[in-house]
Structure formats: C-alpha cells, structure tokens
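Q: I'd like to take a close look at one part of this model, its pockets. Could you walk me through them in plain words?

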Amino acid sequence: MDLPLVYHPDYIAPLPKGHRFPMPKFRQLYELLLKDGVASPHQFRIPLCPEQELIELIHTPEYVQAYCDGTLTPKAQRRIGLPWSPLLVNRTCVAVGGTILTAQLALSHGLACNTAGGTHHAFPSYGSGFCIFNDLAIASRVLQKFGLVRKVLIVDLDVHQGDGTAFIFQGDDSVFTFSMHCEVNFPGTKQKSDLDVPLPVGMEDDAYLQTLADYLSDLLSDVKPDLVFYDAGVDPHIGDRLGKLALTDTGIYRREMQVLSTCVAAVIPVACVIGGGYAEDLNALVYRHSLLHRAASEVYQQFRL
C-alpha cells in the first residue's frame, strides 16, 4: 500500500491575469509528483463537495449562502482577496472536501496528504487572506460529528498565524490549536491560539527546527490527539515574497520529516495540507510544496504504514 494522496482537477479556478495568488500551483504540484515518481496515479483519491450543512458546522449559514450565491458585499470580497466566480465557489468547496477526505484516509492509513488546503484565515462569518471556508476547522468538526475522533491537534506551521482557526476553537477543549509563525507578519491583529510561538524575522533552519522540537513531542504527549492536522505552509522559505523567515529547501524538508516522523512514531494519524506559499518562480514554489509529499512518502515507507 502506498501513501494516500488527494487531488481534484477543480483545485484550479481561473483568476485575472497577474493576480498574486498562485492558483496554477495546485495542478503543477500534482503533475510534478507524477513526473518525479513521488506518486503514481493510483495513489490519488478524488474528493467530493461536502454538503452545505457540513460547512455550516463552522460558518454561519448567512455567510455560506452569500458566498455561494455571489452576494457578498464588495468590502467582504476585498477582504478575501479573490474575485468571486461560480468556478471559484466550486473550487473552494471541493478543496474543503479534499481535506475531509484526507483526514478520513489518515485515520485509516496513519498518514495522508492533500494537494491543497490550509485556509486558516477564514472566520465563521467572513473570509480573509485568500481563505474563504476554513477547511481545517470544518474537517475537524465533521470527524467529530460522525464520531471518528474526539480530540484534534492542529499543527500550523504556515508563516502566518492561523487566526481564523484560533478564533473558531477558542474555549473548545476538543481542538487544540498550535501556530508557529512570523511575529511581524499578516494578520496584523493576532488571535489567541491554544499555543502561539511567534518567531523573529529572518530565523534560519537550525533555530527554527530546534524551536519546533522544543514543543512538538510535548504537545503530542499532553494533548493526546486522535488526529493531527498538519498545515505545511512553505512561506517560511527565504525565497517567499510574503514570508520574512529564512528557511531553505533543506530546512523545509527537514521540518516535514520532523513533524511527520514524530507524529507517526507516537502512533497518531496525520492529515496534511499544503498551506501558503508565494514566489515569483512558480516552479521553485511547486517544488517546495512537493517536499511535504516527498517526506510523507519516505515516512510512510519507513514506518511500513
């Protein structure tokens, strides 16, 4: 059995020429994994759009309906940063379905990876920072609703704080939110995660990985989650135009190996999403995202999952 992966052709939706959100990266990531032999076509599962009532486990019915109908106010649209279209609505819902499916696969196989996801800036009644519906939060609630898990740990290593996720689960002991992010970066107003680790501008590989090591094992022991959601944003990379940290490709790969092997060694299933990443060189960006799947494949084989 090989590592389960999740992808849908609808992970791509058209954006205006020159838009700074790198939408093509999702298809290119899928193609790179196949081209480099990291994955075979049989490993990919195709997600479905979730029922609207599942999205409404996290988001208000008014917001969900307004977004799906295209009736959000111009101000609410600007806060999201992505121009509305029916194709983007479908893409948004399919990506949420992808994270739900990834979590289900992780529970049955020990480890699984989406090729999208990580929309952690979405709040219950509005979207923000290229995030429309919060896939991590929705998937957590869906698994709990169907009795598949009781306790969830969200390990968010995107360079930006997972503010939407932190807000959603404040005061909720069933989902523990851990965000390790650049201190002086978007969002300007931070929320309170269960554990926030703000990092100084320019932090490099070794200091970053040591900081992560200082927290991760203890968190697994203390929280005792039934599942870890891992948001593997690659925007801490030195070449990221929105990042402000200084990790290298090697540092990103070491981070993925560290997170995945630590969780799997503790016999805790891990569902991975790719999170943020922004670069002028799209090929370099896609390669950085693929480091998650390369590391996951290695860990999957190593632990004979």
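How much space lies in the second largest pocket?

A: Happy to help! This is a predicted model, in which local features need pLDDT of at least 70 and side-chain atom pairs count only at pLDDT 80 or more, while totals for chains, interfaces and linings use all residues. Residues are numbered from 1 along each chain as its sequence is written, and side-chain values use heavy atoms, leaving out hydrogens and water.

The second largest pocket holds about 220 Å³ of space. (A pocket is an open set of points on a 1 Å grid over the protein atoms alone, where a 1.4 Å probe fits, with protein on both sides within 12 Å along at least five of seven lines; lining residues have an atom within 4 Å of a point.) Its lining has 16 residues, and those nearest the centre are H19, F21, P22, M23 and P24. Eleven of the lining residues are nonpolar, two are polar and three are charged.

Now for the largest pocket, with about 480 Å³ of space. Here 33 residues form the lining, and F21, G129, F130, C131 and Y278 are closest to the centre. Two elements each give two or more residues to this lining: α1 (25-35) and α5 (86-109). The biggest contribution is from α5, with five residues. (Helices are DSSP runs of H or I with at least four residues, numbered from the N terminus.) By class, the lining of the largest pocket has 14 nonpolar, twelve polar and seven charged residues.

One residue links the two descriptions: F21 is among those nearest the centre of the second largest pocket, and F21 is also among those closest to the centre of the largest pocket.

Methods
Points joined across faces, edges and corners; volume = space filled by probe spheres on them. Nonpolar A, V, L, I, M, F, W, Y, C, P; charged D, E, K, R; others polar.
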